[in-house]
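Please look through the model with these notes beside it. Each point takes up one topic.

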Amino acid sequence: MTFFNSNTPIFVRKKTAFVQDLPGIWRIHWQIGRHVILSTFYTRHDQACLVWGLLSSIIFTTVQFVPVSWLHQTVIFSGLTLAALAIMLGLTLYLTEEKPFARVLWAWVLLMVVGISITNMSFFLGWGHVLGSICPLWLILNAIGYCFTGVELRSRMFLLLSGFHLLAVLLLPYVGIWQPLTTGIVISGCAFWVAELQWDANGVCLSQLQPAPQ
């Protein structure tokens, strides 16, 4: 067996909502007559990605467009991030029964805590240079998380998403004042993308779900 499963495409859309039952799965199936408009599903780890994507879009869009003081932003967004982290843990703790998932989950928790801590300290301790580099910081933290996930789950998709975040870091100086919006689009967009796709993990992920009887 190779490290990556080259027989599985890197990016694959979920084909149907009718798959085997899993804890807390969401199913969406819209159909008019024989015409299927949308048929998909969201496992609990997909739902965690949706939460992270929604939170990221809210935070970075607010930073870009809403004139709120740094103090209020720091306090509010730290609280929202911790609340989202608790929700994501609640959704994904069942995965810790399998070692690769457990390592991935706690790695992401650590990265989020590090990000919140550095963001808060840069404001309260007056680290101006760090405060001005919050967007690259969060992109790099996400890149590390996706890279670690790609290695642990043996997934090319996550490794490519890691590289995409690093590419965004290099492009940030060229977008000027739109760095927060650009960062939010990259982070939230990738999280939503992961939630929509069937992962290409090689034997260590629930990526190959079996159809369920309709």
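1. Start with Phe4. At 27% relative accessibility, Phe4 counts as partly exposed, because buried means under 20% and exposed means over 50%. Phe4 sits in the segment before strand S1 (26–32). Its partner to look for is Arg156. The two are 152 residues apart in sequence, yet their C-alpha atoms are 7.0 Å apart in space. Keep in mind that this is a predicted model.

2. Now the overall layout. The protein chain has 7 helices and 2 strands. Along the sequence, the pattern reads β-β-α-α-α-α-α-α-α. The chain has 214 residues, and 47% of them count as buried. Take the contacts with a separation of 6 or more: 67% of these join residues 24 or more positions apart.

3. Next, the enclosed spaces. How many cavities of 30 Å³ or more does a search of the whole structure find? There are 3. The largest cavity holds about 390 Å³ of space. Its lining has 22 residues, and the closest to the centre are His45, Ala48, Cys49, Val104 and Trp108.

4. Which helices build that lining? H1, H2, H3, H5 and H7 each supply at least two residues of the lining of the largest cavity. H3 gives the largest share, with 6 residues. By class, the lining of this cavity has 19 nonpolar and 3 polar residues, and none that are charged.

5. The largest pocket is a separate entry. It has a volume of about 390 Å³. It is lined by 22 residues, and Ile59, Phe60, Thr119, Ile134 and Trp138 are the closest to its centre. Two or more lining residues come from each of helix H1 (44–65), helix H2 (70–92), helix H3 (99–124), helix H5 (134–153) and helix H7 (179–196). What classes do the residues of this pocket lining divide into? The count is 13 nonpolar, 9 polar and no charged.

6. Helix H7 deserves its own look. H7 has 18 residues. From its first C-alpha to its last, H7 reaches 26 Å, close to the 26 Å expected at 1.5 Å a residue. Its buried residues are Pro180, Thr183, Gly184, Val186, Ile187, Ser188, Cys190, Ala191, Val194 and Ala195. What covers them includes strand S2 (35–42), H1, H5 and helix H6 (156–171).

7. Turn to cysteines. Is Cys190 buried or exposed? Cys190 is at 5% relative accessibility, so it counts as buried, the cut-off being under 20%. Cys49 is at 19%, and therefore also counts as buried under that cut-off. Cys49 has a further role in these notes: it is among the residues closest to the centre of the largest cavity. The structure holds 0 disulfides.

8. Last, a backbone detail. Most residues other than glycine have a negative phi. Arg154 is not glycine, and its phi is positive, near 55°. Where is Arg154 placed? Arg154 lies in the loop between H5 and H6. Find that loop in the model and check the residue there.

Key: Residues numbered from 1 in each chain as written. Predicted model: local features only at pLDDT ≥ 70, side-chain atom pairs only at ≥ 80, totals over all residues. Heavy atoms only, no water. 1 Å grid on protein atoms, 1.4 Å probe; cavity = no way out; pocket = protein on both sides within 12 Å on 5 of 7 lines; lining within 4 Å. Points joined across faces, edges and corners; volume = space filled by probe spheres on them. Helix = DSSP H or I, 4+ residues; strand = E, 2+ residues; numbered from the N terminus. Nonpolar A, V, L, I, M, F, W, Y, C, P; charged D, E, K, R; others polar. Expected span 1.5 Å × (residues − 1). Buried < 20%, exposed > 50% of the residue type's maximum accessible area, 1.4 Å probe, protein only. Contact = heavy atoms within 4.5 Å. Disulfide = S-S within 2.5 Å.
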